Structures are given as structure tokens and as C-alpha cells.
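Colleague: I have a few questions about the charged side chains here. Could you keep the answers short?

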Amino acid sequence: MEVSTHMRSRVRAGESSAFAELFDAYSRAVYNHAFRLTANWSTAEDVMAATFMEAWRLRDRVEPEGGSLRPWLLGIATNTARNQYRSNRRYRAAAGAAAAAELSVPDHADEVADRVDDRRRLAKALTALATLRRPEREVVALCLGEGLDYEAAAEALGIPVGTVASRLSRARKKLRALAGDEPDRGPAARPSADMTSSTAFRKVGGNREGGRIGRQTRGDHAHVVRPAQGGNR
């Protein structure tokens with residue numbers, strides 16, 4: 001979605017059509033990001049809804065000039081998710097439950113192999129995210145999950161670019177150490193080396209199939225998540 005100065009002016013002015021366009025363009029990315037930070041489908045949906053409500057409340061803080069509003073929305077989503085899970089213990093419990101749920105789906109003969117692999121990758125990514133401290137997890141979710149560069153992630157989090165870089169570096173070191181040090185206890189027991197790449201974390205939130213996220217509706221979680229597509233930056 002191309003965001004012009006005119007679009008930012010419309011958002012600042014509180015035009016409902018402008019917010020409808022923002023929702024259509026970015027709701028899926030916000031939802032996937034919220035799931036990475038909460039490890040719970042229902043909570044992610046609540047975070048997504050709260051994010052757009054908060055964006056409406058904070059619309060006068062949008063800078064008149066600039067590029068995509070996606071970092072701004074993802075920053076609001078990060079703050080909202082942070083209020084849901086302030087302790088790592090709660091996140092680890094949610095991530096563990098979500099990973100176990102992905103692996104407990106019956107292996108039906110007609111389920112294609114790549115879908116099974118997607119579930120395993122999702123379980124591995126959730127397990128990996130649960131090993132990180134919250135600030136590191138937020139940077140991983142933004143940079144590796146949503147593909148933001150350091151500057152955009154810094155904008156979303158309201159922190160210096162150097163802090164983003166150092167947090168991401170620490171997170172990658174932890175994930176590499178975890179992949180190399182833990183014994184093999186099964187396909188989802190430990191993150192593999194590719195957990196330090198963007199490919200792995202963009203899968204988190206992307207294995208639910210189906211259509212479009214409807215405005216002001218709470219749909220079946222199996223029909224609302226797809227990976228954020230290119231062009232949303």
C-alpha cells in the first residue's frame with residue numbers, strides 16, 4: 001500500500017475511509033505480529049482490534065509527512081500485546097500450549113505433507129520465541145517476522161536504531177546457541193539453525209488458511225491468518 005502525505009493528512013483528520021483503507025491493507029500483518037507476541041489466536045485477534053481502536057485515538061500524533069504507516073501500527077500492536085504478557089512465564093506457557101496444539105493435530109492421510117511441515121515449523125518458531133526476553137522477542141517479531149529494517153523497527157518501538165541492532169544480534173546468538181546445544185528430542189523440540197532467518201518467523205501466524213479479515217467481526221481463527229505479503233511496507 002502506498003502511503004502519501006495526503007493519506008497521512010486523511011488519517012490525522014480522522015477520515016473513516018482512510019482508516020478503512022489502513023485496516024484492509026495492514027490488519028493481516030498486525031494480526032500475525034500480535035500472534036508472534038502472544039502465541040494465542042484469540043488474544044491476537046483482541047490485540048488487532050485494540051490496535052486499530054488505539055490508532056484512531058492517537059491519529060493526531062501521525063507525522064504529516066513520511067512513508068508507510070505500517071511501523072506505526074505495528075508499534076501500537078507491540079505496546080498492546082505487551083500489556084497482555086508482561087512476564088516471560090506467561091508467554092512461555094502460551095507458546096508451549098500453542099506449539100503442542102499444532103503438533104497434536106491428527107496426521108490424516110489426506111493432509112498434504114507441506115501442511116504438516118508448516119505446523120512443525122510453526123511449533124519450532126514458537127518454541128524459539130519463548131526462549132527470548134520480551135525486548136528481544138519484539139525485535140525478532142518486527143525485523144524477522146514482519147521484515148522491517150532497523151530504522152522502521154526503531155520507529156515502531158520508539159528506541160534508537162543501535163538498540164534494535166544489539167537486541168537482534170543477542171537474539172540471534174541465543175537462537176544459534178539453542179540450536180547447537182540442545183539434544184534432539186523430536187521435530188519440534190528445538191529450533192533449527194534457520195531460526196535466525198526471517199523465513200522461519202514469517203511462518204508464525206501464516207499457517208492458518210482462508211479469506212479476509214472482516215472489519216468489526218470476530219471470525220474463525222482458521223480463516224483469518226495468512227502471511228503478510230510483499231508491498232505492505
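Colleague: Is Glu146 buried or exposed?

Modeller: This is a predicted model, where local features need pLDDT of at least 70, side-chain atom pairs count only at pLDDT 80 or more, and totals for chains, interfaces and linings use all residues. Residues are numbered from 1 along each chain as its sequence is written, and side-chain values use heavy atoms, with hydrogens and water left out. Buried means under 20% relative accessible area, exposed over 50%, and partly exposed in between (1.4 Å probe, protein chains only). Glu146 has 4% relative accessibility, so the residue counts as buried.

Colleague: Which residue forms a salt bridge with Glu146?

Modeller: A salt bridge needs a side-chain nitrogen of Lys or Arg within 4 Å of a carboxyl oxygen of Asp or Glu. For Glu146, the closest N and O atoms of the pair are 2.6 Å apart. The partner is buried too, at 3% relative accessibility. That partner is Arg70.

Colleague: How many residues apart are Glu146 and Arg70?

Modeller: Helices are DSSP runs (H or I, at least four residues), numbered from the N terminus. Arg70 is in helix H4 (residues 70–84), while Glu146 is in the loop between helix H7 (134–145) and helix H8 (150–157). The salt bridge links distant parts of the chain, and the two residues are 76 residues apart.

Colleague: What separates Arg134 and Glu138 along helix H7?

Modeller: Their side chains meet in a salt bridge, 3.2 Å from N to O. Arg134 is partly exposed, at 27% relative accessible area, whereas Glu138 is buried at 4%. They are four residues apart in helix H7, so the separation is about one helical turn.

Colleague: Which residues join Glu136 in one network of salt bridges?

Modeller: Start with Lys174, which forms a salt bridge with Glu136 at 2.8 Å between the closest N and O atoms. This pair links helix H9 (residues 161–181), home of Lys174, to helix H7, home of Glu136, 38 residues apart. Lys174 is partly exposed at 33%, but Glu136 is buried at 1%. Salt bridges that share partners join Glu136 into one network with Arg133, Arg170 and Lys174.

Colleague: How many salt bridges does the rule count?

Modeller: The rule is the 4 Å one between side-chain nitrogen and carboxyl oxygen. Glu146 with Arg70 is one of the pairs. Arg134 with Glu138 is also among them. The count comes to 10 salt bridges.

Colleague: Which residue's backbone nitrogen does the side chain of Asn40 reach?

Modeller: Asn40 lies in the loop between helix H2 (16–38) and helix H3 (41–57). The residue is partly exposed, at 27% relative accessibility. Its side chain reaches, at 3.0 Å, the backbone nitrogen of Ser42.

Definitions and conventions. A polar contact is a pair of N or O atoms within 3.5 Å; within protein, one must be able to donate a hydrogen and the other to accept it, and residues adjacent in sequence count only if both atoms are side-chain atoms.
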